[in-house]
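Welcome to this guided tour! Open your viewer, keep the selection tool handy, and follow along one stop at a time.

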Amino acid sequence: MSASPEPSAPASPTTRPDPDVSSPAPTPRRSSSAWLWLLLLALLAGGGWYAWKQWQLVEARDRAAVADADLRLDALDERINALRNDQRSQNRRLQQADTTNRVLRDELHGIGTRASLIEDSVSKLADPDRHGAQALRLDETELLLTLGQQRLQIGGDLAGARRAYALAGGVLDGIDDPAYLSLRQTLMQERAALDALGIDPRVRAMAQLDAFARGLSLAPVRDPLETAPRAPWWQRAFGNIVDVQPSDGAVALRPADRAAALAGLQLEISLARAAAERRDDAGYRSALTRADGWLQRLAPASAAQARQREALKSLAAQPLSLSVPTLGSTLQQLRQLRTTR
């Protein structure tokens with residue numbers, strides 16, 4: 001048997017490419033798109049970096065502007081404070097200038113017033129009807145009379161008042177105007193009243209007080225216990241402890257009591273002298289009244305004690321102040337005459 005021939009394989013039809021199957025051609029396209037993405041990313045990164053840098057520059061510029069504005073505000077505040085200080089100093093200077101101007105205005109007004117017074121005085125002195133020399137003499141007379149009255153009333157200076165009135169009389173004698181004849185008579189009466197006062201009553205009272213203190217003599221008083229040596233034993237034993245005396249007019253017998261009473265008397269006389277010095281009538285009489293009490297304490301009732309007490313009463317009755325009823329009458333009459341003329 002012959003072998004049958006093997007059937008030949010049918011001819012394969014022409015193969016076509018499968019569209020679903022990937023071919024090697026698209027590979028270049030993927031690489032180009034990646035580069036594009038990378039380039040885009042690089043551009044975006046560069047743009048972001050540039051924008052960040054610009055933002056930093058803007059921030060730095062803003063911070064610099066804010067700092068510059070703060071510096072300018074500080075400088076402006078300092079200038080405003082300086083201007084305020086200058087304004088205050090200018091206000092103070094203006095106030096000082098205003099005060100100075102006010103003082104100068106017052107001084108100028110005073111100078112003008114004094115100038116007008118001087119002008120009036122010169123015009124009065126130049127007036128032939130007024131007699132300038134006579135006006136000067138009258139002014140001097142009025143001044144001397146005023147000084148004499150004040151020295152007598154304020155200081156009690158009788159001698160100074162007499163000298164002032166004597167000088168006023170000498171000046172008034174140089175005026176030959178018969179209108180002032182009555183003024184001379186009034187001045188003579190007032191000078192006679194001053195001369196009639198004699199010594200100043202204060203000086204007289206102080207001198208009499210000194211004379212009374214120098215002439216005061218107190219006889220020693222003996223203790224009755226010493227004059228009775230045969231007194232009972234109980235009286236001799238207890239006499240130094242208990243001493244019975246009348247309550248009215250008790251005389252100090254012990255040396256210590258007499259020393260205390262004598263010191264009290266001298267003290268009251270000194271107080272009376274001080275009161276007379278300042279013309280204190282009430283204090284002067286009160287001191288002499290207390291001195292009379294100490295005098296009764298030192299000496300028993302006798303003729304000598306009566307004379308001393310009478311001397312104290314006469315001292316207490318003397319005035320201490322000057323009394324001139326006609327004092328100031330010449331000055332008042334002079335002013336009236338000058339006013340009417």
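Start by selecting D70, D74, D77 and E78: together they form a negative patch on the surface. Keep in mind that you are looking at a predicted model. Now click on E78 alone, which sits in helix 1. Is E78 buried or exposed? E78 counts as exposed because its relative accessible area is 56%, and the cut-off for that word is over 50%.

**Along helix 1**

Next, select R84, R88, R92 and R93. These residues gather in a surface patch of positive charge. Pick R93 from the group and trace the helix around it: helix 1 covers residues 27-126. R93 is exposed too, with a relative accessible area of 53%.

Stay in helix 1 and select D68 and R72. Their side chains meet in a salt bridge, with 3.4 Å from N to O. Side chains of opposite charge can pair when their charged atoms come close. How far apart are D68 and R72 in helix 1? They are 4 residues apart, which is about one turn of the helix. D68 is partly exposed, at 32% relative accessible area, whereas R72 is exposed, at 60%.

**Zooming out**

Clear your selection and colour the chain by secondary structure. How many helices and strands are there in the chain? The chain has 11 helices and 0 strands, so if you read along the sequence you meet α-α-α-α-α-α-α-α-α-α-α. Try a surface view as well: the chain exposes about 24,800 Å², and carbon and sulfur atoms supply 59% of that area. Of the 341 residues in the chain, 23% are buried. Look also at contacts between residues at least 6 apart in sequence: 76% of these join residues at least 24 apart.

**A buried stop in helix 2**

Select Q149, which you will find in helix 2, residues 132-155. Is Q149 buried or exposed? Q149 is buried, because its relative accessible area of 18% falls under the 20% cut-off. Now show what surrounds Q149. Leaving out residues up to four places away in sequence, Q149 touches Y165, L327, G328 and L331.

**Salt bridges between helices**

The count of salt bridges comes to 8, and two more of them are worth a visit.

Select D173 and R184. This pair forms a salt bridge in which the closest N and O atoms are 4.0 Å apart. D173 belongs to helix 3 (residues 158-173) and R184 to helix 4 (residues 181-196), so the pair ties together parts that are 11 residues apart in sequence. Compare the two ends: D173 is exposed, with a relative accessible area of 55%, while R184 is buried, at 17%.

For the last stop, select E268 and R290. Their salt bridge brings the closest N and O atoms to 2.8 Å. This pair links distant parts of the chain, with E268 in helix 8 (residues 255-277) and R290 in helix 9 (residues 281-298), 22 residues apart. Which word fits E268, buried or exposed? E268 is buried, with a relative accessible area of 8%. Its partner R290 counts as partly exposed, at 40% relative accessibility.

Definitions and conventions:
Residues are numbered from 1 along each chain as its sequence is written. This is a predicted model: local features need pLDDT of at least 70, side-chain atom pairs count only at pLDDT 80 or more; totals for chains, interfaces and linings use all residues. Side-chain values use heavy atoms; hydrogens and water are left out. Patches are made of residues with over 30% relative accessible area and no salt bridge: like charges are joined within 9 Å, nonpolar side chains (Val, Leu, Ile, Met, Phe, Trp, Tyr) within 5 Å. Accessible areas come from the Shrake-Rupley method with a 1.4 Å probe; for residues, only the protein chains shown count as cover. Lys and Arg count as positive and Asp and Glu as negative; His and the chain ends are not counted. The place of a charge is taken as NZ of Lys, CZ of Arg, CG of Asp or CD of Glu. Helices (H or I, at least four residues) and strands (E, at least two) are DSSP runs, numbered from the N terminus. Buried means under 20% relative accessible area, exposed over 50%, partly exposed in between (1.4 Å probe, protein chains only). Contact means heavy atoms within 4.5 Å.
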